[in-house]
Amino acid sequence: MEASVFVGRQPILDRQGNLFGYELLYRNSELNRFPDVDPDKATIGVLLNTFLCIGVDRVAGSHPSFINFTGELLAHDIIDRLDPKRVIIEVLETVEITPALMTRLRKLKANGFRIALDDFILSKQYEVEKGLYPLVDYIKVDFMQSGPEERQRIQNFIRMYPNVRLLAEKIETEVEFEEAKKAGYTLFQGYFFATPEVVKGIEVPVIEESNMLVMEQLNAALPSIRDIAALITHDLSLTYKLLRYINTYAFGVPRKITSIHQAIVLIGLQETKKWLYIITFHQMGEGEGMGRTKALVDYSLVRAKLCELLARRAGYKNSDEYFLTGMFSLLDVILHKGWDEITKEIPLAEQVTDTLTGGDTELAPFLKLAEAVERLDMDTMEALSAQVDIPMDELCVYSQQANRWARRME
């Protein structure tokens with residue numbers, strides 16, 4: 001049984017009543033209220049559900065999304081992989097304005113991000129830090145929490161920074177709307193226009209952040225073993241699983257592997273990449289209610305090993321590409337996504353991508369043969385085994401080996 005995920009969104013309008021964007025809000029059910037959850041977890045939940053599960057196009061269309069960030073998350077490189085055209089960084093009012101934060105905001109601004117200050121009150125830190133405002137695009141003022149005098153102070157102060165747009169939030173009456181327009185606000189949000197709407201989607205297994213960082217390094221033009229090892233060892237679960245697999249399964253190394261750096265040197269970058277993908281796939285099938293995904297993962301592993309074995313038998317030296325082709329052959333079904341979207345998220349060799357998207361490549365007959373073995377489609381098996389010059393009796397042996405190998409991965 002697949003679980004559902006949720007994102008709340010509330011529209012932000014311009015002076016003409018046109019949709020400018022949405023503020024995205026954390027929700028964990030169809031009940032339209034903010035649950036009692038840590039702010040960091042709430043923002044990560046919004047990001048995962050929006051970009052990896054439901055899809056930002058469905059949540060916000062072509063409009064930008066205002067997303068809250070705590071001080072901890074502002075310092076995290078999770079922001080760097082977001083699209084600055086789609087995300088407006090909303091700095092929560094609880095964030096302390098420090099030199100480190102200012103440096104981070106300058107970098108984000110240089111990378112094209114727009115920055116908003118949430119629930120703005122003209123406190124001392126905001127009055128003193130004049131260098132903040134050239135970096136800021138929007139200031140959000142809560143009309144429910146701030147009185148007329150406070151709002152007048154803010155308006156007078158912000159006149160010195162013509163680059164900053166004022167956004168009136170929690171507008172609940174037409175009187176407040178007219179007052180905000182008269183005061184120079186250009187964007188508006190609140191129950192007067194629309195209550196937050198909950199967007200629902202299917203929770204799909206995601207490639208974990210640590211795994212993606214390592215994959216990016218493994219696929220770099222000049223991968224650094226030291227950098228890759230450092231990334232892996234910062235993730236306790238990933239370190240444990242990688243060492244467990246390598247120490248346990250069929251590498252024939254002369255001694256037990258005791259460090260990630262040693263492991264990569266001994267087995268090589270290609271094998272490290274393969275085992276990282278295996279670990280990632282197993283994570284997809286873990287957890288309650290993931291039986292369907294677990295079955296698809298098991299099929300994928302059998303296909304992967306069979307494609308690799310057949311490629312080696314046929315004399316191809318790039319058997320790792322055949323392995324990855326088999327492994328990813330059901331990924332669109334597992335993730336409920338199209339290949340155009342998947343290939344933007346996961347770094348794959350061009351030939352692997354071409355094969356998975358239906359291209360007539362040298363890998364394609366091997367994948368089709370693995371699929372035919374899975375279905376016990378004897379006519380197709382005979383035709384394709386002849387095409388790749390592998391006798392049927394050997395095909396049966398390799399199929400058994402692939403199944404045994406996949407069972408050992410469980």
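Select Arg151 and Phe143 to begin: the charged end of Arg151 sits over the ring of Phe143, 4.1 Å from its centre. The model on display is a predicted one, and the values quoted along this tour are to be read accordingly.

**A second charge over a ring**

Next, select Arg165 together with Phe20. The charged end of Arg165 sits over the ring of Phe20, 5.4 Å from its centre.

**From Phe20 to the aromatic pairs**

Keep Phe20 selected and add Tyr138. The structure holds 15 aromatic pairs, and Phe20 with Tyr138 is one of them. A pair of aromatic rings is described by the distance of the centres and the angle of the planes. For Phe20 and Tyr138 the centres are 5.9 Å apart and the planes stand at 65°, so the arrangement is edge-to-face. The pair links distant parts of the chain: Phe20 belongs to strand S2 (residues 19-27) and Tyr138 to strand S6 (residues 138-142), 118 residues apart. Both Phe20 and Tyr138 are buried.

Move now to Tyr133 and Phe157. Their ring centres lie 5.2 Å apart with planes at 70°, so this pair is edge-to-face. Tyr133 is found in the loop between helix H5 (124-128) and S6, while Phe157 is in helix H6 (residues 148-158), 24 residues away in the chain. How buried are the two residues? Tyr133 has a relative accessible area of 0% and is buried; Phe157, at 9% relative accessibility, also counts as buried.

Extend the selection to Phe120, Tyr126 and Tyr161. Together with Tyr133 and Phe157, these residues are linked into a cluster by ring pairs.

**The nonpolar cores**

Which residues touch the most other members of the largest nonpolar core? In this core of 54 residues, they are Phe69, Leu74, Ile89, Leu117, Leu132, Tyr133 and Ile139. Colour helix H1 (residues 39-54) as well, since the core draws its largest share, 5 residues, from that helix.

Centre the view on Leu132 and display its surroundings. Leaving aside residues up to four places away in sequence, Leu132 touches Ile97, Met102, Leu105, Leu117 and Tyr126. A second core, separate from the largest one, has 43 residues, including Tyr277, Leu301, Ile334 and Leu335.

**A buried arginine**

Select Arg303, in helix H13 (residues 291-313). Is Arg303 buried or exposed? Its relative accessibility is 8%, under the 20% limit, and Arg303 therefore counts as buried. Show the residues around Arg303: apart from residues up to four places away in sequence, it touches Gly326, Ser329, Leu330, Ala370, Glu371 and Glu374.

**Two cysteines**

Select Cys307 and then Cys396. Cys307 counts as buried because its relative accessibility is 1%, whereas Cys396, at 40%, counts as partly exposed. A search of the whole structure finds 0 disulfides.

**The whole chain**

Finally, zoom out and colour by secondary structure. The chain comprises 20 helices and 9 strands. Of its 410 residues, 50% count as buried. Switch to a surface representation: the chain exposes about 19,700 Å², of which carbon and sulfur atoms supply 52%. A contact map offers a complementary view: among contacts between residues at least 6 apart in sequence, 64% join residues at least 24 apart.

Note on methods:
Residues are numbered from 1 along each chain as its sequence is written. This is a predicted model: local features need pLDDT of at least 70, side-chain atom pairs count only at pLDDT 80 or more; totals for chains, interfaces and linings use all residues. Side-chain values use heavy atoms; hydrogens and water are left out. A nonpolar core is a set of buried Ala, Val, Leu, Ile, Met, Phe, Trp, Tyr and Cys residues joined through side-chain atoms within 4.5 Å. Buried means under 20% relative accessible area, exposed over 50%, partly exposed in between (1.4 Å probe, protein chains only). Helices (H or I, at least four residues) and strands (E, at least two) are DSSP runs, numbered from the N terminus. Contact means heavy atoms within 4.5 Å. Accessible areas come from the Shrake-Rupley method with a 1.4 Å probe; for residues, only the protein chains shown count as cover. A disulfide is a pair of cysteine sulfur atoms within 2.5 Å. Rings of Phe, Tyr and Trp (its six-membered ring) pair if their centres lie within 6.5 Å; planes under 30 degrees apart count as stacked, over 60 as edge-to-face and the rest as tilted. A charge sits over a ring if NZ of Lys or CZ of Arg is within 6 Å of the ring centre and within 35 degrees of the ring normal.
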